[in-house]
Amino acid sequence: MQRIGIGIDIGGTSVKMGLFQEDGELLYKWEVPSRKEEAGRYILEDVAASILSVLKEKDINMDSVIGAGLGVPGPVLPDGYVGVCVNLGWRDINPRQELSRMLGGLPVLSGNDANVAALGEMWKGGGKGYSDIVMITLGTGVGGGVIINEKITAGKHGLAGEIGHIHIRDEEQEVCNCGGRGCVEQVASATGIAREARRKLAAVDTPSRLREFGAQVTAKHVLDAAKAGDGLALEVVETVGRYLGLLLAQLSMTIDPQMFVIGGGVSKAGRFLIDVIEKYYVEFTPISEDKAVIGLAKLGNDAGIYGAAKLILG
Ligand code: ZN
């Protein structure tokens, strides 16, 4: 009998789910909306009902389901407890226990969504073939995940992998979402890159194709213009790449992974961006020739369901 693991990735807009073979082959994926009304109290019920209905439709017996893994968009303690999850409205809840109960005692394991996505990329994505990776997701914010020996390193306070909030820039005056100043997220997220471009456009009057976008300039505008050789856009990319290179060097000397996997919308700039990061990473790690490779994530929005399935499939 073929045995199945279920991967669940809870997001602020939708919950993605997938049925996986033990070897990691994705058999079927689907999603349901995240109903956030009444402090998100219906989300897990919807997930459980949807899983039961899909299993029935696919004629899969509960006995052949090994369990489910769950990615949660917020801090998760080692026992699955979630004190607060702003994105969903959850407070004081153990989603892992609740979902298990709703699914008739099915084993459920959980983790923070960024960490779980990193696990997915290690298993079947950009980090396939490696056991030790750090994933950095450059999206609206900056997320991260640390995988050592094929396991998530969540830390003792849920802080491990919060790479976006490592302080990296002393002169920053604006306040980050976390309350700090000078976080990685403030310079290397899509939002941060656009802001960096606005600051540069205001500070100098050199011609640039970015000027036509004014305050509406986006990270994609910056990266596209830099690729096309726009001087001001290139300066922005150099700034971003330098901070990311510095970050990766510090992470290398802390945990020395085999690979850094770069994902998120900003990573669509591809090898062009990686090359800039790598230039500075090499500059900041003269201590050894032999160090982590830097590459791109491959699973996109499916990384979360892959990683969640890996949680339960071991
Ligand atoms: Zn921060």
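Okay, let's start at the metal. The zinc ion sits in a tetrahedral site, with angles of 104 to 122° among its four donor atoms. Keep in mind that what you see here is a predicted model.

So who holds the zinc? On the protein side, the donors are His165 through ND1, and Cys176, Cys178 and Cys183 through their SG atoms. They lie 2.0 to 2.3 Å from the zinc ion. If you like to spot these things in the sequence, the spacing of the donor residues reads H-x10-C-x1-C-x4-C.

Now, how covered are those cysteines? Cys176 is buried, at a relative accessible area of 7%, and Cys183 is buried too, at 4%. Cys178 is partly exposed, with 45% relative accessibility.

While we're on cysteines, somebody usually asks about disulfides. The count is zero here. Take Cys85, for example: the nearest cysteine sulfur belongs to Cys178, and that sulfur is 17 Å away. The cut-off for a disulfide is a pair of cysteine sulfur atoms within 2.5 Å, so at 17 Å Cys85 is in no disulfide. Cys85 itself is buried, with a relative accessible area of 1%.

Let's zoom out to the whole chain. The protein chain is divided into domain 1, residues 4–111, and domain 2, residues 126–298. Between the C-alpha centres of domain 1 and domain 2 you have 30 Å.

Next, the sheets. One of them is an open sheet of five strands, in the order E3-E2-E1-E4-E7, with mixed pairing. The edge strands are E3, at 26–33, and E7, at 108–112; each has a single partner strand, so one side of each is left without a neighbour in the sheet. From one strand to the next, the twist averages 15°.

Have a look at the E7 side of that sheet. Strand E4, residues 65–72, runs parallel to E7, and five bridges join them. If you want a pair to click on, Gly71 stands opposite Gly111 in E7.

Then there's another open sheet, also mixed in its pairing, with five strands in the order E10-E9-E8-E11-E12. The edges here are E10, at 151–152, and E12, at 293–296; each of these has a single partner strand, so one side of each has no neighbour in the sheet.

Let me walk through some of the pairs. E8, residues 133–138, pairs with E9 in the antiparallel sense over six bridges, and a hairpin of three residues joins E8 to E9. Within that pair, Thr137 has Gly143 in E9 as its bridge partner.

Is E9 mostly covered or mostly open? Mostly covered: strand E9, residues 142–148, has five of its seven residues buried.

Carry on along the chain and E9 is joined to E10 by two bridges, antiparallel again. Ile147 stands opposite Ile152 in E10. The hairpin of E9 and E10 has two residues between the strands, and in it Asn149 takes a positive phi near 50°. That's one to look at if you like checking backbone angles.

At the E12 edge, strand E11, residues 259–263, runs parallel to E12, with four bridges joining the two. Met259 is the residue to find there, standing opposite Val293 in E12.

Last thing, back to where I began. If you only open one view after this, make it the zinc ion with His165, Cys176, Cys178 and Cys183 around it. That's me done, over to you.

Conventions. Residues numbered from 1 in each chain as written. Predicted model: local features only at pLDDT ≥ 70, side-chain atom pairs only at ≥ 80, totals over all residues. Heavy atoms only, no water. Buried < 20%, exposed > 50% of the residue type's maximum accessible area, 1.4 Å probe, protein only. Domains from an automatic or database assignment. Donors = N, O, S within 2.8 Å, 3.2 Å for Na, K, Ca; no water. Tetrahedral: all angles 85-135°; square planar, octahedral: opposite > 155°, others 65-115°. Pairing = 2+ DSSP bridges. Axes fitted to C-alpha atoms, helices over the stretch in contact; angles between N-to-C directions.
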